[in-house]
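Reader: I'd like to talk through where two chains meet and what lines one of the pockets. Can we take it step by step?

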Amino acid sequence: MDDQLISKYLDDTLTAIEKKEFDARMSSDPTFRKEVDAMQAVHRMLSQFSVQPAPHGLESRILAQISPRVNRMINGIRWILGVWALFTVVLLVLRFTGWVNFSDTLMGLDSDQLTGQINQYQTWFSVAISMSATLFFLYFSQSWIKKLARRPGKRT
Amino acid sequence: MSTEQQVIEGIIRRDEQIIRDFVRLHQNYVYTLCLRILTNEMLAEEATQDTFLQVIQSMDKFDGRSRLTTWMYTIARNTSINKLRKTNRSRVKSLDQTELAQQPHEDNSEKPLLQKQQREQLERCMQKLPIEERETLTLFYFKELSIREIGEITGDTESNIKVKLHRGRKHLKTILEASVHGQIDLLYG
């Protein structure tokens, strides 16, 4: 009960009657007064140190991330990655629909059984590697660039 | 047109001066909230950056149902809590283990030593409070949010906020008194 009353006092939300009773209690009850003084000290500390200063250079680091130059760079990289991914997809479609026979066209070999078999394995392997590398790079490069841009500076 | 509306429109059209002023005006508040939730300077700085980026990039989605600051603090709180979960730091880390005591901030050098000690003492004790009390006390003592707005940010009812405020202050008093062996007047100077 006392605690709630003290909280209301600190927040200046006591009614006129409550305030009168509160003041009377403060004059007559030293224990109550001591408790109020302590809570008031906490209240003052919280008010005085309500805000911590942000680290030096934080503002510049935030602004750097939204600057047109950084955004242009990120968009440029996205565009290159997009074209790369599209190229991979086109190659995959051509390869697996059989529209282009890579082993004959690229290597100029006759499609005898042995060479054809080897080429098939090689193509499968290179397609898998190329696709994984593309997706891997696509995913990590952007978060890496963003992390680099927002890296906190050394504090002096 | 209200000032807040001008700020919102300026941020949407990426007006560098408006964004600069906006970040400058709010960075200490956002950083303080993130720091009090995360209790780690480096993580708080990252969370502050993430918050501002999200605010700026999603400003066109801001529906104006709350004040801009309320929306921004909600983002800051969610960002910090997500970061806290990610880094698995659900328990309060002691300030002694963070860089706060060793790393002076730009405006601390000119302040009296007593004030600096009091600030550090308060932060140290604040970190011993449960996270809900820390965030409620922090938001309340920014002195710019109503109880209802604090409730919007934390998802609590007004009566819950009042209870957390009351408990938080009382809890903090106990921790502060223990830290100065019952003589709280010494602490306040």
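Author: Sure. One definition before we start: helices and strands here are DSSP runs, numbered from the N terminus, with at least four residues for a helix. Also keep in mind that this is a predicted model.

Reader: Which element gives the largest share of the lining of the second largest pocket?

Author: Two elements give two or more residues to that lining: α1 (2–10) of chain A and α8 (158–179) of chain B. From the chain B side, the lining includes Lys162(B), Val163(B), Leu165(B), His166(B) and Arg169(B). The largest share is 5 residues, and it comes from α8(B).

Reader: How do the residues of that lining divide into nonpolar, polar and charged?

Author: The lining has Phe140(B) and Ile147(B) in it, but also Lys8(A) and Asp11(A). Gln4(A), Ser7(A) and Thr13(A) are among the others. The split comes out as 4 nonpolar, 4 polar and 4 charged.

Reader: And how much space lies in the second largest pocket?

Author: Residues of chain A and chain B line this pocket. The space in the second largest pocket is about 310 Å³.

Reader: On to the interface. How much area do chain A and chain B bury between them?

Author: The contact takes 36 residues from chain A and 50 residues from chain B. Carbon and sulfur atoms carry 60% of the buried area. The total is about 4,400 Å².

Reader: How many salt bridges does the rule find across that interface?

Author: Over all chains the count comes to 20 salt bridges. One that pairs chain B with chain A is Glu45(B) with Arg61(A), at 2.3 Å from N to O. Across the interface of chain A and chain B, the rule finds 6.

Reader: Why does the salt bridge of Lys173(B) and Glu35(A) join two chains?

Author: The closest N and O atoms of Lys173(B) and Glu35(A) are 2.8 Å apart. Lys173(B) sits in helix α8 of chain B and Glu35(A) in helix α3 of chain A, so the pair joins two chains.

Reader: How many residue pairs are in polar contact there, and which element gives the largest share of chain A's side?

Author: The rule finds 14 residue pairs in polar contact across the interface. On chain A's side, α1, α3 (30–48) and α4 (58–65) each give two or more residues. The largest share, 11 residues, comes from α3(A).

How values were computed:
Residues are numbered from 1 along each chain as its sequence is written. Chains are lettered from A and ligands numbered from 1 in the order in which they are written. This is a predicted model: local features need pLDDT of at least 70, side-chain atom pairs count only at pLDDT 80 or more; totals for chains, interfaces and linings use all residues. Side-chain values use heavy atoms; hydrogens and water are left out. On a 1 Å grid over the protein atoms alone, a cavity is a set of points where a 1.4 Å probe fits but cannot get out, and a pocket is an open set with protein on both sides within 12 Å along at least five of seven lines; lining residues have an atom within 4 Å of a point. Grid points are joined across faces, edges and corners, and a volume is the space filled by probe spheres set on the points. Ala, Val, Leu, Ile, Met, Phe, Trp, Tyr, Cys and Pro count as nonpolar, Asp, Glu, Lys and Arg as charged, and the others, Gly among them, as polar. Contact means heavy atoms within 4.5 Å. Buried area is the accessible area (1.4 Å probe) that two parts lose on being put together, summed over both. A salt bridge is a side-chain nitrogen of Lys or Arg within 4 Å of a carboxyl oxygen of Asp or Glu. A polar contact is a pair of N or O atoms within 3.5 Å; within protein, one must be able to donate a hydrogen and the other to accept it, and residues adjacent in sequence count only if both atoms are side-chain atoms.
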